[in-house]
Amino acid sequence: MGASGRSAMNGDTAMAIRRIELVEVAIPLVRPFRTSFGEEREKRAILVRVDGLGGVGEASGWGECVASPEPRYSEEWLDGAWLMLHEYLGPALTEGGALEGPHEVGQRLRWVRGHRMAKAALEAAVADAWLRARGERLAAYLGAERDRVPCGVSVGIAPSVQEMLLEIRGYLDRGYARVKLKIEPGRDLHVVRAVRAALPATPLSVDANAAYRLADLPLFEALDDLGLVMIEQPFAHDDLLGHAKLQVRLATPICLDESIRSAVDAAAAIELGACRVINIKPGRVGGLLEAKRIHDVASERNVPVWIGGMLETGVGRSVNLALAALPGVTMPGDTSGSDRYFRHDVTEPFVLGGDGMMAVPATPGIGVEPDPQRLEAFTIRRSVVFEEGVEGP
Ligand code: NPQ
Ligand code: MG
């Protein structure tokens with residue numbers, strides 16, 4: 001990392017991008033993860049590596065793209081994001097010359113409509129490289145104030161209530177501060193009632209991943225009596241009006257996930273009364289700086305937020321933890337320990353303390369990096385998007 005300690009006061013603080021590489025990894029999950037839109041047995045992700053050189057030195061950075069193999073959670077999917085990074089985002093970023101900071105990534109990519117998960121990965125990699133070159137932590141750059149954050153856990157749909165309870169008790173023993181149950185039509189009220197009966201004092205929430213409609217109002221009225229912390233994304237991603245109509249009928253806060261793609265969406269949802277809580281995921285909203293803007297919009301309106309999860313490797317998990325340390329993040333997130341999902345990760349694991357708290361990375365940039373051997377073992381595809389001095393195809 002060359003001159004990382006050198007002062008940035010010499011006027012030449014821009015960072016030139018010398019190389020961008022994509023690495024696709026496939027990592028086995030410790031147990032299948034089932035939601036209302038499908039089941040995953042392994043985690044596949046695109047890791048983006050950016051090599052930069054600037055007035056304050058040379059550094060590499062990593063970012064993770066959370067697009068899944070199939071477009072179920074959102075319209076983005078892994079192969080589409082791969083192509084998008086190659087064909088449009090890589091060129092759009094590098095054609096503008098040296099960068100004055102991570103904030104310029106979003107500006108240069110703005111003309112490309114959508115593709116937020118692909119954009120977020122590139123922005124995170126640039127931010128990591130930029131901050132490493134300056135010896136600055138991502139959490140500090142974002143304005144975070146805490147060095148430890150409380151963590152919750154998301155529990156997939158299980159074949160039986162007994163199995164679900166066994167899994168939940170394991171998480172509670174480890175200290176998780178909130179348990180989120182995935183629900184789907186046919187596996188909802190009786191499951192949540194049984195879990196609530198077995199665990200009367202545990203902070204519980206449910207996440208429907210958009211599987212219901214306003215006609216299911218009686219189900220939500222029944223769930224409203226179970227003392228849930230929130231009900232996450234009951235209706236379709238584009239149904240703000242439906243969510244507003246449901247929220248006026250419920251005492252339980254509705255939390256929006258899939259519906260919130262930007263700070264503009266967040267302001268609209270809050271003012272329409274479509275939610276009283278927001279789940280922030282940097283991938284879903286196009287980057288960590290847009291994630292911060294959603295945090296700010298919600299905080300100004302006294303709406304609590306928390307940081308979601310997409311089964312990230314350590315590369316993406318580190319960004320979520322930095323965001324979770326922001327002052328307006330007042331609820332435990334899905335920022336679980338690495339061992340909730342993986343036996344081995346590509347980075348050193350994030351470990352939950354017995355008190356349900358997790359340390360925010362304390363070293364420059366995102367604070368972790370892929371271990372070369374682990375990365376190699378999990379890699380299924382690599383490709384260079386850009387290399388200084390090398391002509392594109
Ligand atoms: C949610 N995540 O809050 C999501 C959605 C989700 C932790 O509950 C593979 C990769 C499978 C990402 C399943 C949690 C996934 C995924 C669900 C994300 O809605
Ligand atoms: Mg969700």
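E232 counts as buried, because its relative accessibility is 0%. This residue is a suitable point of entry into the structure, which is a predicted model. E232 is one of the residues that hold the magnesium ion, ligand 2: the ion is coordinated by D207 (OD), E232 (OE) and D257 (OD), at 2.1 to 2.3 Å. Along the chain, these donors follow the spacing D-x24-E-x24-D. Distant parts of the chain are thereby linked, since D207 belongs to strand β7 (residues 204-207) and E232 to strand β8 (residues 231-232), 25 residues apart. D207, like E232, is covered by the protein: with a relative accessibility of 1%, under the 20% limit, D207 counts as buried.

The residue that follows strand β8 also deserves attention. Q233 lies in the loop between β8 and α8 (240-247). Its phi is positive, at about 40 degrees, although Q233 is not a glycine. Is Q233 buried or exposed? Its relative accessibility is 0%, and Q233 therefore counts as buried.

A second residue with a positive phi is found in another loop. H115 lies between α2 (103-109) and α3 (116-134), and its phi is near 55 degrees, again in a residue other than glycine. The surroundings of H115 are described by a relative accessibility of 31%; because this value falls between 20% and 50%, H115 counts as partly exposed.

The text now turns to ligand 1. Which residues are closest to this ligand? Of the 20 residues that surround ligand 1, the closest are S154, K180, K182, N209 and G309. Several side chains place an N or O atom at a short listed distance from an oxygen atom of the ligand. For N209 the distance is 2.8 Å, for K182 it is 3.0 Å, and for D257 it is 3.1 Å. D257 thus appears in two settings, as a donor to the magnesium ion and as a residue whose side chain reaches an oxygen atom of ligand 1. Taken alone, ligand 1 exposes 440 Å², and the protein buries 98% of that area.

The shell around ligand 1 draws on several parts of the chain. The elements that give two or more residues to the shell are β1 (15-35), β2 (38-54) and β6 (179-182). In character, the residues of the shell divide into nine charged, six nonpolar and five polar.

Conventions
Residues are numbered from 1 along each chain as its sequence is written. Chains are lettered from A and ligands numbered from 1 in the order in which they are written. This is a predicted model: local features need pLDDT of at least 70, side-chain atom pairs count only at pLDDT 80 or more; totals for chains, interfaces and linings use all residues. Side-chain values use heavy atoms; hydrogens and water are left out. A residue is near a molecule or strand if one of its heavy atoms lies within 4 Å of it. A polar contact is a pair of N or O atoms within 3.5 Å; within protein, one must be able to donate a hydrogen and the other to accept it, and residues adjacent in sequence count only if both atoms are side-chain atoms. Accessible areas come from the Shrake-Rupley method with a 1.4 Å probe; for residues, only the protein chains shown count as cover. Helices (H or I, at least four residues) and strands (E, at least two) are DSSP runs, numbered from the N terminus. Ala, Val, Leu, Ile, Met, Phe, Trp, Tyr, Cys and Pro count as nonpolar, Asp, Glu, Lys and Arg as charged, and the others, Gly among them, as polar. Donors are N, O and S atoms within 2.8 Å of the metal (3.2 Å for Na, K and Ca); water is not among the atoms, so sites may look incomplete. Buried means under 20% relative accessible area, exposed over 50%, partly exposed in between (1.4 Å probe, protein chains only).
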